[in-house]
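Hi,

Here is the structure I promised to pass on to you. Have a look at it first, and then read on for what turned up.

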Amino acid sequence: MLESLAYVLLGIVLGLILNYVLNKMHITKASTEAQKIIEDAQAKADNIVKEATLDAKTQAYEYKLEAEKEAKASKLELDKFENKLLEREHNIDRRDIALQGREDSLDQRAKQLDKKQAELGKLESQLKNQIDEKVKELEKIAAMSAQEAHDELFKQVERQMENEVTAYIKEREDEANQEASLYAKDIIATAINRYAQEETVERTVNVVALPSEEMKGRIIGREGRNIRAFENATGTELIIDDTPEVITISCFDPVRREIAKQSLEKLIKDGRIQPGRIEEVVEKTKKEVEEIMMKAGEDAVFSCGLSKFKKDELLTIGKMKFRTSYGQNALQHSVEVAHLAGIMAAELGLNQQLAKRAGLLHDIGKALDHEMEGSHVELGAKFAKKYGENAIVINAIESHHGDVPANSIISILVAAADTLSAARPGSRSESVENYIQRLEKLEAIAKDFDGVDKVFAIQAGREIRVVVNPEKIDDLKAHKLARDVKEKIENELTYPGHIKVTVIREIRANEIAK
């Protein structure tokens, strides 16, 4: 037991000694390795320092070489710049020498010019004296002063130039008419041929037939209350005179007149005529007439193949159904102008839809001229601007009677179509009194010119023939007279369509054989 314990203690002691020895060996080895690492690091550090020193010296040498190279380049550039400056100085010196030579040359020329100018002044004075002497001699020979000769010469030139200008104008007019007439006639003939319709003139009916004379009393009513109620409701005036079984409706507004006419016919047919019933019938008729106008506007737009019209525009177009001009229905006339303008625009390769729109709206002011002050042209233009119509449409409205210049071909076509529609036989009518006055005024205008012998208005006032004295008016002056008469008619006379002016000059030589 003790031996075992002793062996154990001995083993422990030997283990501790062995462990100490091993630890000591490890420590020694680690110290040796650390020393070696330190020495290696020291060697590496020395190598790095040496390499860094060498690199620094190398880089410094390179920088030195580069700086020397740049300095040489800068020196070369400076040398070149100095050479250029020296060359410029030499050029400037040469220019100064040349300019100095030019100045000397100019001075010599100026002296020569002064000398020549003095000589010319002397020659001019001599020529003037000679001319004055010649003029005096000519005045003595001609027995006429220089001013009188000047005036006479200008009079002769003026007379000669007047004849030449008149002949030139006639020649140019003939050529223009020959060239343009065929083309224009072809386009107009095509337009009229493609739009051929019968003219049915609708006149505003303002007379209502009564079934009996007793109906007049019922319309007037007790103490005139019925007629007053009717006039207040319709805005018209009833004229009841001695004409049997007839009542006349008077009003400037054609729409009101139509409402009054239809309302009165309904009341007569119904037989119940009293203030309450009158107001009821008139109110109902107003709505019916408005529907008629809207339908008429829509039909007109549809017949022209147009679109994009506002409701108020359609209603205003429809109002023209009850408007007439020289007996011609305004709406039918506008539709006809739209078709004619559209066809002519198509023949010329222009915008057909725009031409039709301008033609349809050219007289739209006639639907408004009974409501507002101003001509139908002014009112129509304002109406078109209000509803945002195209500028060409507005100009066509303003220019179709020549109030403003036409600024597009479509405006000219609308004016031509308006004239075609108004000038066709049977399209318009006028009273006998107005007709006679127009013919008398037409003949009086032509008679005011010198050299006119007789004047005849023919073809219902569409042509005027002026017979002149052949001794006072020659062939060239006859053309000038025709143009002057035409311009005076245009300025002083209002008329539908065109008026042709024909000046007749003839000489008859008569001899009697015995």
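One definition before the rest: two strands pair if DSSP finds at least two bridges between them. Please also keep in mind that this is a predicted model.

With that term in hand, take strands S2 and S3. S3 covers residues 246-250 and runs antiparallel to S2, with three bridges joining the two. One of the residues with a bridge partner is Glu237, which is matched with Ser250 in S3. Both strands belong to an open sheet of three strands, ordered S1-S3-S2 and paired antiparallel. S1 (207-209) and S2 stand at the edges with a single partner strand each, so one side of each has no neighbour in the sheet. From one strand to the next, the twist averages 30°. As a general reminder, strands of a sheet pair through backbone hydrogen bonds, either parallel or antiparallel.

Next comes helix H4, residues 225-234. Its buried residues are Asn226, Ile227, Ala229, Phe230, Ala233 and Thr234. They sit on the same side of H4, because they cover an arc of only 160° around the axis. The general background is that an α-helix has 3.6 residues a turn, so residues three or four places apart point the same way. What covers the buried residues of H4? The cover includes helices H3 (214-220), H5 (254-270) and H6 (275-303), and also strand S2 (237-239). After H4 comes Gly235, and its phi is positive, near 75°.

Further along the chain, I looked at Leu413, which lies in helix H12 (residues 409-423). Is Leu413 buried or exposed? Its relative accessible area is 9%, under the 20% cut-off, so Leu413 counts as buried. Setting aside neighbours within four places in sequence, Leu413 is in contact with Ala341, Met344, Ala345, Leu348 and Leu350. Ala355 is 58 residues from Leu413 in sequence, while their C-alpha atoms are 7.8 Å apart in space.

Finally, some totals for the protein. The protein has 14 helices and eight strands. It is made of 514 residues, and 30% of them count as buried. Its accessible surface comes to about 35200 Å², with 54% of that belonging to carbon and sulfur atoms. Among contacts between residues at least 6 apart in sequence, 62% join residues at least 24 apart.

Happy to talk any of this through.

Best wishes

Notes
Residues are numbered from 1 along each chain as its sequence is written. This is a predicted model: local features need pLDDT of at least 70, side-chain atom pairs count only at pLDDT 80 or more; totals for chains, interfaces and linings use all residues. Side-chain values use heavy atoms; hydrogens and water are left out. Buried means under 20% relative accessible area, exposed over 50%, partly exposed in between (1.4 Å probe, protein chains only). Helices (H or I, at least four residues) and strands (E, at least two) are DSSP runs, numbered from the N terminus. The arc is that of the directions from the helix axis to the C-beta atoms. Contact means heavy atoms within 4.5 Å. Accessible areas come from the Shrake-Rupley method with a 1.4 Å probe; for residues, only the protein chains shown count as cover. Axes are lines fitted to C-alpha atoms, for helices over the stretch in contact, and angles run from 0 to 180 degrees between N-to-C directions.
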